[in-house]
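These are my notebook entries on a single protein chain. I record below what I looked up and what I found.

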Amino acid sequence: MSALSLREIEDTLRHAAPEKRHQTLRAVADLFLSSAPSLDETHVEVFDTVFETLLEEPHRSGLAELSQRMAPVENAPPKLVKRLANDSDISVAGPVLAQSPRLSTDDLCEIARTKGNAHMLAMSTRTDLAEPVTDILVYKGDQQVARSVASNRAARLSPTGLDKLVERAESDQSISASLSARPEIEPELLKTALCKATARAELSSKAVAAAMRLAITLKQTDDLHD
């Protein structure tokens, strides 16, 4: 398919039937990607508007493909990228969550707070994860997300995030091994976090023991009910 000019695309949008939207979407993506290195932000904004118009339609055909193509592009249309990253379908959101440089730390934090484990797992592999993002991932995410963060050596960990990962490592050998292999974690810092984790474990054990003693006492005095 030959590249379309923006004017031709606008004319197409005015008269296109819904079933033609996928073809038009691909044509716009082709035109953008072929010229992206030479586009300034003003021109990128024009493409953003065109994509926004295209995506107003309820038809979702082509969105996953579009996300894959736009994910690594440094100057991809920012509104389009955010729209794709917030999609509930992980096949659409995943590629840009994992790669797009257009997503800021604030964008990632908001998505991590509002989406589920699949979205968090996708962003956990990024090479530019800042501490506010990893904090959310290791506290909110499931064990698979935590493992991915721990093994991503480019992800930056705050002392609080590291403490939480060490806590999760108590029952997960994979996380423990990943933390031990991270060169940026000073041995003293890891030792401190391990001490905190040990203290938590001891307190938990003491609490369980105390509860058991109380239950036994109540049972002996016939005060233990359902």
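**Entry 1: the cavity.** Which element gives the largest share of the lining of the largest cavity? I note at the outset that the model is predicted. I found that H2 supplies this share, with 4 residues. I then looked up the cavity itself. The search for cavities of 30 Å³ or more returned a count of 1, and I recorded a volume of about 50 Å³ for the largest cavity. I listed its lining as His22, Leu25, Arg26, Ala29, Gly62, Glu65, Leu66 and Arg69. The elements giving two or more residues to this lining are H2 and H4. I also sorted the lining residues by character, and they divide into 3 nonpolar, 2 polar and 3 charged.

**Entry 2: the chain as a whole.** I next turned to the secondary structure. I counted 13 helices and 0 strands in the protein chain. Read from the N terminus, the elements run α-α-α-α-α-α-α-α-α-α-α-α-α. The chain has 226 residues, of which 39% count as buried. I also looked up contacts between residues at least 6 apart in sequence, and 64% of these join residues at least 24 apart.

**Entry 3: aromatic rings.** How many aromatic pairs does a search of the whole structure find? I obtained 1 aromatic pair. The partners are Phe32 and Phe47, and their arrangement is edge-to-face, with 5.2 Å centre to centre and 70° between the planes. The angle qualifies as edge-to-face because planes over 60 degrees apart are counted in that class. I placed Phe32 in helix H2 (residues 21–35) and Phe47 in helix H3 (residues 41–54), so the pair ties together parts that are 15 residues apart in sequence. I then asked of Phe32 and Phe47: buried or exposed? I recorded both Phe32 and Phe47 as buried.

**Entry 4: helix H5.** Which residues of helix H5 (residues 78–85) are buried? I listed Leu80, Val81, Leu84 and Ala85. These residues cover an arc of only 130° around the axis, which puts them on the same side of H5. I then looked up what the buried residues of H5 pack against. I found H3, helix H4 (63–70), helix H6 (90–99), helix H7 (105–114) and helix H8 (117–123).

**Entry 5: cross-references.** I noted that H3 appears twice in these entries: H3 holds Phe47 of the aromatic pair, and the buried residues of H5 pack against H3. H4 likewise gives two or more residues to the lining of the largest cavity and is packed against by the buried residues of H5.

Conventions: Residues are numbered from 1 along each chain as its sequence is written. This is a predicted model: local features need pLDDT of at least 70, side-chain atom pairs count only at pLDDT 80 or more; totals for chains, interfaces and linings use all residues. Side-chain values use heavy atoms; hydrogens and water are left out. Rings of Phe, Tyr and Trp (its six-membered ring) pair if their centres lie within 6.5 Å; planes under 30 degrees apart count as stacked, over 60 as edge-to-face and the rest as tilted. Buried means under 20% relative accessible area, exposed over 50%, partly exposed in between (1.4 Å probe, protein chains only). The arc is that of the directions from the helix axis to the C-beta atoms. Contact means heavy atoms within 4.5 Å. On a 1 Å grid over the protein atoms alone, a cavity is a set of points where a 1.4 Å probe fits but cannot get out, and a pocket is an open set with protein on both sides within 12 Å along at least five of seven lines; lining residues have an atom within 4 Å of a point. Grid points are joined across faces, edges and corners, and a volume is the space filled by probe spheres set on the points. Ala, Val, Leu, Ile, Met, Phe, Trp, Tyr, Cys and Pro count as nonpolar, Asp, Glu, Lys and Arg as charged, and the others, Gly among them, as polar.
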